[in-house]
Amino acid sequence: MVAAGSQHSLALTAQGQLLAWGEGLRGRLGLGTDETKHVPTPVKSMEGKRIVAMAAGNMCYALLLASTVQLLQCLGVPTLRVSPHLAH
């Protein structure tokens, strides 16, 4: 699975590893730095989490985890959001 933002991209390997590359400004890659990466780089904070869907935007990306918790990485700040299905 691949998702492309305006200046960064994400890929999810068949083994479930999340990779990010592109412009790292303000931590948008979720790698813990502002460095630009020219090759796909593992997002270590997502290791062991089962990602079922993802999207990339201008300065953000969103992941849908199998636990029905959404993780939004925006400007280098991860934010967890509980799915409405869990709120009932």
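# Strands, core and salt bridges

Student: What is the relative accessible area of K37?

Tutor: This is a predicted model, in which local features need pLDDT of at least 70, side-chain atom pairs count only at pLDDT 80 or more, and totals for chains, interfaces and linings use all residues. Residues are numbered from 1 along each chain as its sequence is written, and side-chain values use heavy atoms, without hydrogens and water. On the scale used, buried means under 20% relative accessible area, exposed over 50%, and partly exposed in between (1.4 Å probe, protein chains only). K37 counts as partly exposed, its relative accessible area being 23%.

Student: Which residue forms a salt bridge with K37?

Tutor: A salt bridge requires a side-chain nitrogen of Lys or Arg within 4 Å of a carboxyl oxygen of Asp or Glu. For K37, the closest N and O atoms of the pair lie 3.4 Å apart. The partner is partly exposed, with a relative accessible area of 45%. That partner is E35.

Student: How many salt bridges does a search of the whole structure find?

Tutor: Besides the pair of E35 and K37, E47 forms a salt bridge with K44, with 4.0 Å between the closest N and O atoms. Here E47 is partly exposed at 47%, whereas K44 is exposed at 60%. The search of the whole structure finds two.

Student: Which strands stand at the edges of the open sheet?

Tutor: Strands are DSSP runs of E with at least two residues, numbered from the N terminus, and two strands pair if DSSP finds at least two bridges between them. The open sheet has four strands in the order β1-β2-β3-β4, with antiparallel pairing. Each edge strand has a single partner, so one side of it is left without a neighbour in the sheet; these strands are β1 (2-4) and β4 (37-42).

Student: Which residue of β2 is the bridge partner of A4?

Tutor: β1 pairs with β2 (residues 8-12) in the antiparallel sense over three bridges, and the two strands form a hairpin with three residues between them. V2 stands opposite A11. The bridge partner of A4 is S9.

Student: How many residues of β2 are buried?

Tutor: In a regular strand, side chains alternate between the two faces of the sheet. In β2, one side carries H8, L10 and L12 and the other carries S9 and A11, and both faces are covered. The strand is largely enclosed by the rest of the structure, because the number of its residues that are buried is five of the five.

Student: Which strand supplies the largest share of the largest nonpolar core?

Tutor: A nonpolar core is a set of buried Ala, Val, Leu, Ile, Met, Phe, Trp, Tyr and Cys residues joined through side-chain atoms within 4.5 Å. The largest has 13 residues, and L10, L18, I51, M54 and L63 touch the most other members. At least two residues each come from β2, β3 (18-22), β5 (51-56) and β6 (60-65). The largest share, three residues, comes from β6.

Student: Which side chain does the side chain of E23 join in a polar contact of 3.5 Å?

Tutor: E23 lies in the loop between β3 and β4 and is partly exposed at 28%. Leaving aside neighbours within four places in sequence, its contacts (heavy atoms within 4.5 Å) are Q7, H8, R28, L29 and T36. A polar contact is a pair of N or O atoms within 3.5 Å; within protein, one must be able to donate a hydrogen and the other to accept it, and residues adjacent in sequence count only if both atoms are side-chain atoms. At 3.5 Å, the side chain joined to that of E23 is T36.
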